[in-house]
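Here is a short tour of a protein and its DNA. Keep the structure open as you read.

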Protein chains: 2
Amino acid sequence: MRKFDDSLPLKLLKAREAALNHFRPLLKEISLTEQQWRIIRALNEFGALESKQLAECCCILSPSLTGIITRLEQQNFIQRQKSNEDKRRVLLSLTDHAQKVFDEISPRFEERYRKMTEQFGQEKMDEFKELLELMAEVKP
Amino acid sequence: MRKFDDSLPLKLLKAREAALNHFRPLLKEISLTEQQWRIIRALNEFGALESKQLAECCCILSPSLTGIITRLEQQNFIQRQKSNEDKRRVLLSLTDHAQKVFDEISPRFEERYRKMTEQFGQEKMDEFKELLELMAEVKP
DNA sequence: GCTATTTATTTAATATATTAATAATCTAAG
DNA sequence: CTTAGATTATTAATATATTAAATAAATAGC
């Protein structure tokens with residue numbers, strides 16, 4: 001039978017852990033969790049988003065998102081605004097404070113990302129990302 | 001600047017989600033979480049393990065493991081036994097019940113794993129795993 | 001032999017993941 | 001227009017993740 005270590009989910013978990021280790025020191029420095037930073041990055045790029053869209057693109061389930069947003073709101077990183085056309089929906093966007101923090105710190109994330117890519121090898125990284133995208137498309 | 005979606009940790013997360021979707025229905029059927037199943041698989045292969053070793057090979061931190069083991073013990077899947085040489089250590093192993101459940105259900109996991117591999121392509125899967133292992137070795 | 005240090009595990013506190021259920025609103029069939 | 005069904009966000013309950021601190025037992029150095 002297939003060995004314990006020959007498990008795609010486990011290998012994906014370990015690879016992700018190793019990748020995140022490149023960024024954990026920075027996250028700790030600014031006191032944001034990995035998920036909080038992911039959400040801030042998404043809102044920086046897409047501007048205002050509805051909760052559902054944000055959950056989708058950040059790969060975070062709605063119930064988790066509700067809590068994360070609540071805390072980011074308390075820390076003055078995110079503002080919520082009810083939609084007028086559809087009163088069920090909530091629009092989320094970065095505060096000026098969050099935008100400022102993002103602009104200041106993101107170059108340092110970029111630098112670490114660059115180093116990680118260099119260490120792994122640019123060619124291998126491209127090939128790796130290609131395979132990751134293919135796997136993400138596989139349906140059971 | 002690098003786009004939001006061009007993020008290795010995010011791609012790893014999405015690929016892992018897609019991979020896990022192949023097994024979630026089975027896990028639900030036997031009412032075990034992904035982590036519980038990982039631990040059972042490890043103990044099936046390695047026999048009795050100490051808590052630290054189990055945490056290491058399952059990529060689960062000790063504080064999480066304590067809770068998971070407690071619940072698996074209550075469900076009669078795992079038994080703990082204190083080491084005699086070093087009374088700090090705890091030896092963990094599968095109960096007969098767990099071994100029986102594992103032997104019955106694991107062929108169905110194998111079958112789904114086989115289908116996932118076939119769908120993705122055996123060659124690509126080998127290449128993919130190779131890159132995942134390389135990434136897991138990269139140090140920050 | 002004793003003490004300081006180290007190591008293995010657990011506890012505590014907070015954040016996130018997962019599933020089910022709820023509340024509010026919208027949409028479409030009748 | 002009205003109501004059944006669908007959709008969005010939240011709440012609730014339980015499990016796991018993460019970091020720090022506490023506990024207990026082993027080991028090194030004196």
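## Charged pairs

This is a predicted model. Start with charge. Side chains of opposite charge can pair when their charged atoms come close. Over all chains, the structure holds 28 salt bridges. A few of them are worth finding on screen.

One salt bridge joins the side chains of A:Glu110 and B:Arg2, with N and O 3.0 Å apart. This pair crosses between chains. A:Glu110 sits in helix H6 of chain A, residues 96-120. B:Arg2 sits in the segment before helix H1 (8-20) of chain B. The two partners differ in burial. A:Glu110 counts as partly exposed because its relative accessibility is 21%. B:Arg2 has a relative accessible area of 17%, so B:Arg2 is buried.

## A buried lysine between the chains

Now look at A:Lys129. Where is A:Lys129 placed? The residue belongs to helix H7 of chain A. Is A:Lys129 buried or exposed? Its relative accessible area is 10%, so A:Lys129 is buried.

A:Lys129 forms a salt bridge with B:Asp6, and the closest N and O atoms are 2.5 Å apart. This pair, too, crosses between chains. It runs from the segment before H1 of chain B to helix H7 (residues 122-137) of chain A. B:Asp6 is partly exposed, at 28% relative accessible area. Which residues does A:Lys129 touch, leaving out those up to four places away in sequence? They are A:Tyr113, B:Asp6, B:Leu8 and B:Lys11.

## Salt bridges within a chain

In chain B, B:Arg89 and B:Asp86 form a salt bridge. Their closest N and O atoms are 3.0 Å apart. B:Arg89 counts as partly exposed, because its relative accessibility is 36%. B:Asp86 is buried, at 15%.

Chain A offers a network. Salt bridges link A:Glu50, A:Asp86, A:Arg88 and A:Arg89.

## Two copies, one axis

Next, compare chains A and B. Two copies of a chain are related by a rotation about an axis and a shift along it. What rotation superposes chain B on chain A? The rotation is 180°, with 0.0 Å of shift along its axis, and the RMSD is 0.0 Å. That is the relation of a two-fold axis.

The same surface serves both copies. Of the contact residues of chain B, 100% recur in chain A. To find the axis, look for B:Leu12. Of the residues of chain B, B:Leu12 comes closest to the rotation axis, with its C-alpha at 3.2 Å.

## Around DNA strand D

Now turn to the DNA. There are 25 residues around DNA strand D. Which of them come nearest? The answer is A:Lys52, A:Arg88, B:Thr33, B:Gln35 and B:Arg71. By class, this surface has six nonpolar, seven polar and 12 charged residues.

Which part of the DNA lies by the protein? Of the atoms of strand D within 4 Å of the protein, 76% belong to sugar or phosphate. The rest belong to bases. Three side chains show such contacts up close. A polar side-chain atom of B:Arg71 is 2.6 Å from a phosphate oxygen of strand D. In A:Thr66, a side-chain N or O atom is 3.3 Å from a phosphate oxygen of strand D. B:Gln35 places a polar side-chain atom 2.7 Å from a sugar or linking oxygen of strand D.

Several helices give two or more residues to this surface. From chain A come H2 (24-29), H4 (51-58) and H5 (62-74). From chain B come H3 (34-46) and H5 (62-74). H5(B) gives the largest share, four residues.

## Two unusual backbone angles

Finish with the backbone. Most residues other than glycine have a negative phi. Two residues in chain A are worth checking.

A:Ser31 is not a glycine, yet its phi is positive, at about 55°. A:Ser31 is found in the loop between H2 and helix H3 (34-46) of chain A. A:Ser31 counts as exposed, because its relative accessibility is 56%.

A:Asn76 also has a positive phi, near 60°, and is a residue other than glycine. This one lies in the loop between H5 and strand S2 (78-82) of chain A. A:Asn76 counts as partly exposed, at 43% relative accessibility.

Terms used:
Residues numbered from 1 in each chain as written. Chains lettered and ligands numbered in written order. Predicted model: local features only at pLDDT ≥ 70, side-chain atom pairs only at ≥ 80, totals over all residues. Heavy atoms only, no water. Least-squares fit on C-alpha atoms with pLDDT ≥ 70 in both. Contact = heavy atoms within 4.5 Å. Salt bridge = Lys/Arg side-chain N within 4 Å of Asp/Glu carboxyl O. Buried < 20%, exposed > 50% of the residue type's maximum accessible area, 1.4 Å probe, protein only. Near = heavy atom within 4 Å. Polar contact = N/O pair within 3.5 Å; in protein donor to acceptor, adjacent residues only side chain to side chain. Nonpolar A, V, L, I, M, F, W, Y, C, P; charged D, E, K, R; others polar.
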